[in-house]
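Visitor: I have this one open on my screen and would like to talk it through. Could you take me around?

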Amino acid sequence: MHKTFSFPIHCESPQVKPDSVEVRNVNGEVVIFASINPPDSHAFEAYDVFDKVEIIPSLVKMVEKIKNGGNKKKEIKKWVKEWGLLKGSLTKNEFDQYEMRQSIDSFWREAEKLYDLWNLHKHTVNRDLESIKKHVQKKEKIYDSHTLNTDFIHDEESGTYLFFSESESKVKVAEFFLFSNKDYKAKEIAIWDESEELVTYQYICMHYILNQIEEHVSKGILRHYWLKRDSYQEKDYFKIEPILTFNNLLDALYMQLFILMTENEKKICPVCEHPFTPERKDKKYCSETCYLTAKSRRYRARKNAAM
Ligand SMILES: [Zn+2]
């Protein structure tokens, strides 16, 4: 793209913090109701998702707590009380309240998926090959280029074309199966080079995450925020402020991940889950506090193992 057409874009997603959250059975389905009392003024008090960096980290911690045996209903209710539902639209109920509803199954499915993608992103930017391999199975395949009529391999499942040079007689290709036990499983392929193991895995994971994200970020609505005329003695022009709006909290959170991926300088702190820019390549934690927390956790784990 020519630099004439590059522009920064402002993102917004106003969300209302619910006044009360209830979980009820509706025709055999467990549904979360997030209600908002009628506002005194014309506007609801909303927070903007793009002002808050702690939403995904808190979602990740909530999912982790449930996976470690925490009470699902209780933990989800607590989270929704703080941030709202992931999906749904505001409607008026019979008590003249505004409410949003989402089945607990749907909420959990989306939360778990975002949790998995966040972890995969974290391991990828943190260069943690061991952890990446827990989500990705690899199968190697050797292609004899003399038996192929083309200088490329096309994989229909992943939609990938792999090109190779004519001088190579044997081409090693690896197939990667991501989250094979989940409904967001996918296959990716790449030319396999042992010396580039980490980079190949990182590339595969990034590609996969982007595919999963794009379905959500494409739901953003592009409009103009204001139109303004600037007039000086020598210049006189109109300009607009573009704005990308996301209705659902979930789509906005995926957009946050997308923004993080446009500049992969940031790592994710394995303790607090917050993105941070490391001053050194080998820096693992966002702060001294998180470094010390990790250290004492390792110490406790070793002590427990020895007992
Ligand atoms: Zn941290």
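Guide: Gladly, and please keep in mind that this is a predicted model. A good place to begin is helix α6, whose buried residues pack against the strands β1 (10-12) and β2 (14-16) and also against the helices α1 (55-67), α2 (72-83), α3 (104-125) and α5 (197-217).

Visitor: Which residues of α6 are buried?

Guide: The buried residues of α6 are L249, L250, D251, A252, L253, Y254, M255, Q256 and L257.

Visitor: And how many residues does α6 have, and how far does it reach?

Guide: Helix α6 covers residues 249-262, which is 14 residues, and from its first C-alpha to its last it reaches 20 Å, close to the 20 Å expected at 1.5 Å a residue.

Visitor: Let's move to α5. What does its buried side pack against?

Guide: The buried residues of α5 pack against α3, α4 (129-132) and α6, and also against the strands β8 (136-144), β11 (170-178) and β12 (186-191). Those buried residues are Y201, I204, C205, Y208, I209, I213 and H216.

Visitor: What span should α5 have?

Guide: With 21 residues at 1.5 Å a residue, α5 should span 30 Å, and its end C-alpha atoms are 30 Å apart, so the two values agree.

Visitor: Different topic: how is the chain divided into domains?

Guide: The protein chain is divided into domain 1 (9-276) and domain 2 (277-307), and the C-alpha centres of domain 1 and domain 2 lie 27 Å apart.

Visitor: How many residues does each put into the contact?

Guide: Domain 1 gives nine residues to the contact and domain 2 gives eight. On the side of domain 1 that touches domain 2, the residues divide into five nonpolar, one polar and three charged.

Notes:
Residues are numbered from 1 along each chain as its sequence is written. This is a predicted model: local features need pLDDT of at least 70, side-chain atom pairs count only at pLDDT 80 or more; totals for chains, interfaces and linings use all residues. Helices (H or I, at least four residues) and strands (E, at least two) are DSSP runs, numbered from the N terminus. The expected span of a helix is 1.5 Å times one less than its number of residues. A residue is buried if 20 or more other C-beta atoms lie within 10 Å of its own, exposed if 12 or fewer, and partly exposed in between; C-beta atoms are placed from the backbone. Two residues are in contact if their C-beta atoms, placed from the backbone, lie within 7 Å. Domain bounds come from an automatic or database domain assignment. Ala, Val, Leu, Ile, Met, Phe, Trp, Tyr, Cys and Pro count as nonpolar, Asp, Glu, Lys and Arg as charged, and the others, Gly among them, as polar.
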